[in-house]
Amino acid sequence: MAKNWYPVIDYSKCTGCLSCVEFCPHNVYKHEDGKPAVVNPDNCVEFCKGCQKGACQYDAITYYGDKNK
Ligand code: SF4
Ligand code: SF4
């Protein structure tokens, strides 16, 4: 869906709460070794910021393609 838009995790801020993995309904994330991994970036919906706004409380998610970050 969105090759020009997908989440990028700042692992220096990520606590491994895994809210983003549970939040996203498009299987963009996968749980790997206690941290989220972006395994299907093409599944991310362009301009969606659901996981940043709705899941991550630690400011660890930004988006490749986001010019406003
Ligand atoms: S931005 Fe939306 S579609 Fe993309 S990973 Fe987050 S919740 Fe899923
Ligand atoms: S919601 Fe944020 S802090 Fe929690 S696992 Fe995802 S990126 Fe890390």
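Reader: In this predicted model, which residues of the largest nonpolar core touch the most other members?

Author: A nonpolar core is a set of buried residues joined through side-chain atoms within 4.5 Å. Here the largest one has 14 residues, and Cys20, Val28, Tyr29, Cys51, Ile61 and Tyr63 touch the most other members.

Reader: Let's take Cys20. What does Cys20 touch, leaving out residues up to four places away in sequence?

Author: With those set aside, its contacts are Tyr29, Pro36, Cys51, Ala55 and Ile61.

Reader: On to empty space. How many cavities of 30 Å³ or more are there?

Author: A cavity is found on the protein atoms alone, as points where a 1.4 Å probe fits but cannot get out. This structure has 1 of 30 Å³ or more. The largest cavity comes to about 90 Å³. Its lining counts 14 residues, and Cys14, Cys17, Cys20, Pro36 and Cys56 lie nearest the centre. Sorted by class, that lining is 11 nonpolar, 2 polar and 1 charged.

Reader: And what is the space taken by ligand 2?

Author: That space is the largest cavity. Around ligand 2 you'll find Cys14, Thr15, Gly16, Cys17, Leu18, Ser19, Cys20, Pro36, Cys56, Tyr58, Ala60 and Ile61. This shell splits into 9 nonpolar and 3 polar residues, with no charged ones.

Reader: Which residues surround ligand 1?

Author: Ligand 1 has Pro7, Phe23, Cys24, His26, Val28, Tyr29, Cys44, Val45, Cys48, Cys51 and Tyr63 around it. By class, its shell holds 10 nonpolar residues, 1 polar and no charged ones.

Conventions: Residues are numbered from 1 along each chain as its sequence is written. Chains are lettered from A and ligands numbered from 1 in the order in which they are written. This is a predicted model: local features need pLDDT of at least 70, side-chain atom pairs count only at pLDDT 80 or more; totals for chains, interfaces and linings use all residues. Side-chain values use heavy atoms; hydrogens and water are left out. A residue is near a molecule or strand if one of its heavy atoms lies within 4 Å of it. On a 1 Å grid over the protein atoms alone, a cavity is a set of points where a 1.4 Å probe fits but cannot get out, and a pocket is an open set with protein on both sides within 12 Å along at least five of seven lines; lining residues have an atom within 4 Å of a point. A molecule sits in a cavity or pocket if more than half of its atoms lie within 2 Å of its grid points. Ala, Val, Leu, Ile, Met, Phe, Trp, Tyr, Cys and Pro count as nonpolar, Asp, Glu, Lys and Arg as charged, and the others, Gly among them, as polar. Buried means under 20% relative accessible area, exposed over 50%, partly exposed in between (1.4 Å probe, protein chains only). Contact means heavy atoms within 4.5 Å. Grid points are joined across faces, edges and corners, and a volume is the space filled by probe spheres set on the points.
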